[in-house]
Amino acid sequence: MLAAHKSTLSTHALSTILLASVVVCSGATAKPAWTPPKFEPRQSNFSEPTKTMAAETNMPIVKPIGDVAFLSPKNRAIRTLQSYHPENPLGDISINTNPDHIEIAQSIIQALPSGFPIPWVNRNDDGEVGLYWDDDNAYADIDIDGEGGISFYSKLRSTGDENFVDEIALEEFDQRWISDHLSLLLKKSAETIA
Amino acid sequence: MQLIEFFEQNTEGKKFKLLATKSEAELIALEKLTASRNSPGPVDDDEVVFHQILDPTNLTESRDGLSPKSFDTATGIGMSVNRLKYATLNEMKVLGEARAAAFNANFPENPQPRSFWGLVPIDVAVVRSLVSKVTNTRGLFVFDTALPNDISHADIAQLTRDERRFRAVRLELYDIVKGSAFRCE
């Protein structure tokens with residue numbers, strides 16, 4: 001809906017930043033105090049291999065390999081949500097998230113069919129939880145507001161087409177809703193890429 | 001309205017929600033005024049500002065930048081940034097570390113103590129150039145909300161009044177900074 005001025009920084013801004021970084025890094029110490037800015041694109045969760053997602057239902061929550069534990073995307077999202085729980089002994093006590101809203105987000109993730117991309121989880125400073133999908137061509141998010149209200153927003157980057165739905169009941173998150181609001185978005189992305 | 005007085009009287013809470021009731025023309029005019037007695041002057045379009053990123057708050061799950069909901073703060077208390085014109089990156093780092101230390105002092109028992117993670121640069125001209133195709137109005141504004149101990153402080157404010165535009169503007173802001181965050185060690 002917004003006229004997009006591309007998200008990249010201007011040449012002026014970049015040169016200023018790089019110059020500033022060099023100045024900061026050029027101290028007397030052997031190890032630079034700063035690492036240069038990274039401009040690598042973030043890994044997309046749209047491109048997670050389907051076979052991994054489909055197979056996850058039979059996998060244990062944590063698969064230890066040596067001293068490293070790998071989580072399936074769904075379990076990664078659930079684990080992050082549970083880390084927001086106010087009774088989590090390892091949680092952040094400065095941010096209060098309503099446990100009911102964690103349950104709502106968890107239910108939405110659980111409603112996604114096998115093989116469907118799993119969203120990233122995030123929350124704001126007020127403790128409000130959200131889910132989002134992001135890749136170069138498509139973006140979608142689901143917010144759960146302070147009263148537990150659910151809303152959905154998506155944008156197909158290639159066309160600028162947006163969709164916004166407010167006051168969604170949790171019961172609406174069935175296969176049809178997902179197909180109407182998320183699968184079509186992903187299908188368009190795939191067609192555009194192809 | 002005197003902008004300095006407005007910000008002095010609304011230092012806590014959702015000050016930018018109050019400003020969101022103004023028209024675009026009023027907001028553009030206000031943006032050209034000084035918002036703080038400590039400020040060296042309003043933020044120019046050609047400036048670059050930096051947002052401090054604290055770990056673990058607002059980092060993405062993959063810990064490489066800011067998540068979309070971290071920009072929700074731009075709607076209420078404002079998204080704090082530092083102006084490169086008035087602070088070096090090293091000074092911003094020191095400010096970020098002090099911010100984390102102050103937080104940790106307030107929550108000494110917190111299992112997730114804050115630490116300064118890094119910075120993300122934001123081009124003021126780009127932020128101010130985002131215009132809604134539907135309403136043909138701007139969604140983001142930048143004010144020189146300097147602090148007594150930090151004259152470089154400014155705020156990016158998202159001054160939209162409906163949820164749909166709020167989400168569209170949030171995505172734009174997310175896209176602007178995506179991939180630009182860098183860690184400071």
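Let's start with a group of rings: A:Tyr132, A:Tyr139, A:Tyr153 and B:Tyr174 are linked by ring pairs into a cluster. Please keep in mind that we are looking at a predicted model. Over all chains, the structure holds eleven aromatic pairs. One of them is A:Tyr139 with B:Tyr174, a tilted pair with 5.8 Å centre to centre and 50° between the planes. Where do those two tyrosines sit? A:Tyr139 is in strand 6 of chain A and B:Tyr174 is in helix 6 of chain B, residues 163–177, so this pair joins two chains. Both A:Tyr139 and B:Tyr174 are buried.

Now let's follow A:Tyr139 into its strand. Strand 6 of chain A covers residues 138–144, and seven of its seven residues are buried. The side chains point two ways: A:Ala138, A:Ala140, A:Ile142 and A:Ile144 go one way, while A:Tyr139, A:Asp141 and A:Asp143 go the other. Do have a look at those two aspartates on the screen, since A:Asp141 and A:Asp143 are buried too.

Who are the neighbours of strand 6? On one side there is strand 5 of chain A, residues 129–134, running antiparallel to strand 6 and joined to it by five bridges. If you want a landmark there, find A:Gly130, which stands opposite A:Asp143. These two strands make a hairpin, with three residues between them.

Strand 6 of chain A also pairs with strand 7, residues 150–156, again antiparallel, and here there are seven bridges. The landmark this time is A:Ile142, opposite A:Phe152 in strand 7. Strand 6 and strand 7 of chain A form a hairpin as well, with five residues between them, and A:Gly148 in the turn has a positive phi of about 90°.

Carrying on from there, strand 7 of chain A pairs with strand 8 of chain A in the antiparallel sense, over five bridges. In that pairing, A:Lys155 stands opposite A:Glu162 of strand 8. And what lies over these strands? Helix 6 of chain B packs on the sheet, where it touches strand 5, strand 6, strand 7 and strand 8 of chain A. The direction of that helix makes about 50° with that of strand 7 of chain A.

Let's put the sheet together. It is an open sheet of five strands from chain A, in the order 4-5-6-7-8, with antiparallel pairing. Strand 4, residues 120–123, and strand 8, residues 162–168, are at the edges with a single partner strand each, so one side of each has no neighbour in the sheet. From one strand to the next, the twist averages 15°.

One residue in strand 8 of chain A deserves a stop, and that is A:Glu167. A:Glu167 has a positive phi of about 55°, although it is not a glycine. Is A:Glu167 buried or exposed? A:Glu167 is exposed, with a relative accessible area of 71%.

Next, the helices. Helix 3 of chain A lies across strand 4 and strand 5 of chain A, and runs at about 15° to strand 4. Eight of the eleven residues in helix 3 of chain A are buried, so we can call this helix mostly covered. Among the buried ones are A:Pro73, A:Arg76, A:Ile78 and A:Leu81.

Helix 3 of chain A, residues 73–83, also packs with helix 4 of chain A, residues 99–111, at an angle of about 175° and with the axes 10 Å apart. That angle makes the two helices of chain A roughly antiparallel. The residues that meet include A:Ala77, A:Ile78 and A:Leu81 from helix 3 and A:Ile102, A:Ala105 and A:Ile109 from helix 4. Taken together, the residues of this contact divide into six nonpolar, three polar and one charged.

Stepping back, chain A has five helices and eight strands. Of its 194 residues, 43% count as buried.

Before I stop, a quick visit to chain B. The peptide bond from B:Asp55 to B:Pro56 is cis, with omega near 5°. B:Pro56 is in the loop between strand 1, residues 48–55, and strand 2, residues 79–83, of chain B. That loop is also the place of B:Asn58. B:Asn58 has a positive phi, near 70°, in a residue other than glycine. B:Asn58 is buried, with a relative accessible area of 17%.

Definitions and conventions. Residues numbered from 1 in each chain as written. Chains lettered and ligands numbered in written order. Predicted model: local features only at pLDDT ≥ 70, side-chain atom pairs only at ≥ 80, totals over all residues. Heavy atoms only, no water. Axes fitted to C-alpha atoms, helices over the stretch in contact; angles between N-to-C directions. Helix = DSSP H or I, 4+ residues; strand = E, 2+ residues; numbered from the N terminus. Parallel < 35°, antiparallel > 145°, perpendicular 65-115°, else oblique. Contact = heavy atoms within 4.5 Å. Nonpolar A, V, L, I, M, F, W, Y, C, P; charged D, E, K, R; others polar. Buried < 20%, exposed > 50% of the residue type's maximum accessible area, 1.4 Å probe, protein only. Pairing = 2+ DSSP bridges. Phe/Tyr/Trp six-rings, centres within 6.5 Å; stacked < 30°, edge-to-face > 60°.
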